[in-house]
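Dear colleague,

I am passing on the structure we spoke about, and I would be glad if you could look through it alongside the notes below.

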Amino acid sequence: MISIYRDLASKTAQPLHLGLTEAGMGAKGLVWSAAAMGVLLSEGIGDTIRISLTPRPGGDRREEVYAACELLQSLALRSFAPSVTACPGCGRTTSTTFQEMAERIQQYTRDMMPIWKTQYEGVENLTLAVMGCIVNGPGESKAANIGISLPGTGETPSCPVYIDGLHFNTLKGSYAELSAAFQALVDDYVATKYRRREPGTAVPEVSARPKITLEQPERSPLPVLR
Ligand code: SF4
């Protein structure tokens, strides 16, 4: 796919649709599609994309769209929704709280985006971090707009929160309390940091970002059709 599209892009200025058909199910479909399309998109090749995933019976067809959005956002080509960084977990934590919190806040931002994007400019660029222990927690949390570092095994049960790189406060409590407090911080941040849209202002479909590399081969002019 990569060599064919590179060749096509060198021969025509026509818009190119990228898609790895029959990529497969689940992780295989995601990885194969991202590997092929990520290379091409980072070279500036491709105007529309589809990530073809074979769904599980009764599966959610929107997974294809979410995956395509994530791919474009990971390459900094477009922003669609706030991104949530979460650590994968390892032997330093036995808790599942960071996983549950990360999933919950991800879903919350997805649910809120249809409302937020009509009210606030640039909210799709919000970055959040939910981390599992002190080793990488504070560092990753400081790199996000809002980050929380949960305690790993044997650590003091407290959760420092960082906002725009600075320690903001330290939360304690049950999973439900931590989740509610973190969500409230996200709501406050959105309401205070992003400019309100003027009523009646058109909302852009997506936020375009500059392409990260432009090593696209020069395209030859279109042949004249007779
Ligand atoms: S942040 Fe801590 S728990 Fe999470 S992967 Fe890193 S070392 Fe492991």
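The notes that follow deal with a helix, a core, the ligand surroundings and two loop residues.

Please keep in mind that this is a predicted model, in which local features need pLDDT of at least 70 and side-chain atom pairs count only at pLDDT 80 or more, while totals for chains, interfaces and linings use all residues. Residues are numbered from 1 along each chain as its sequence is written, and side-chain values use heavy atoms, with hydrogens and water left out.

Helix H4 covers residues 97-119, 23 in number, and spans 31 Å from its first C-alpha to its last, close to the 33 Å expected at 1.5 Å a residue (the expected span being 1.5 Å times one less than the number of residues; helices are DSSP runs of H or I with at least four residues, strands are runs of E with at least two, and both are numbered from the N terminus). At Met113 the helix bends by about 55 degrees, with Pro114 following within four residues; the bend is the angle between axes fitted to the seven residues ending there and the seven starting there. Among the buried residues of H4 are Phe98, Met101, Tyr108 and Trp116 (buried means under 20% relative accessible area, exposed over 50%, and partly exposed in between, with a 1.4 Å probe and protein chains only).

The largest nonpolar core has 33 residues, of which Trp116, Val130, Ile148 and Val186 touch the most other members; such a core is a set of buried Ala, Val, Leu, Ile, Met, Phe, Trp, Tyr and Cys residues joined through side-chain atoms within 4.5 Å. H4 gives the most to this core, with 8 residues. Apart from it lies another core, of 16 residues, including Met37 and Ile45.

The residues around the ligand (those with a heavy atom within 4 Å of it) include Cys87, Cys90, Arg92, Cys133 and Val135. Val135 sits in the loop between E5 and helix H5 (137-143), and is partly exposed at a relative accessible area of 46%. Its C-alpha atom is separated by 8.7 Å from that of Arg92, although the two residues are 43 apart along the chain.

Finally, two residues other than glycine deserve a look for their backbone. Ala76, in the loop between helix H3 (62-74) and strand E3 (78-79), has a positive phi of about 60 degrees, and Asp164, in the loop between E7 and strand E8 (166-171), has a phi near 50 degrees.

With best regards
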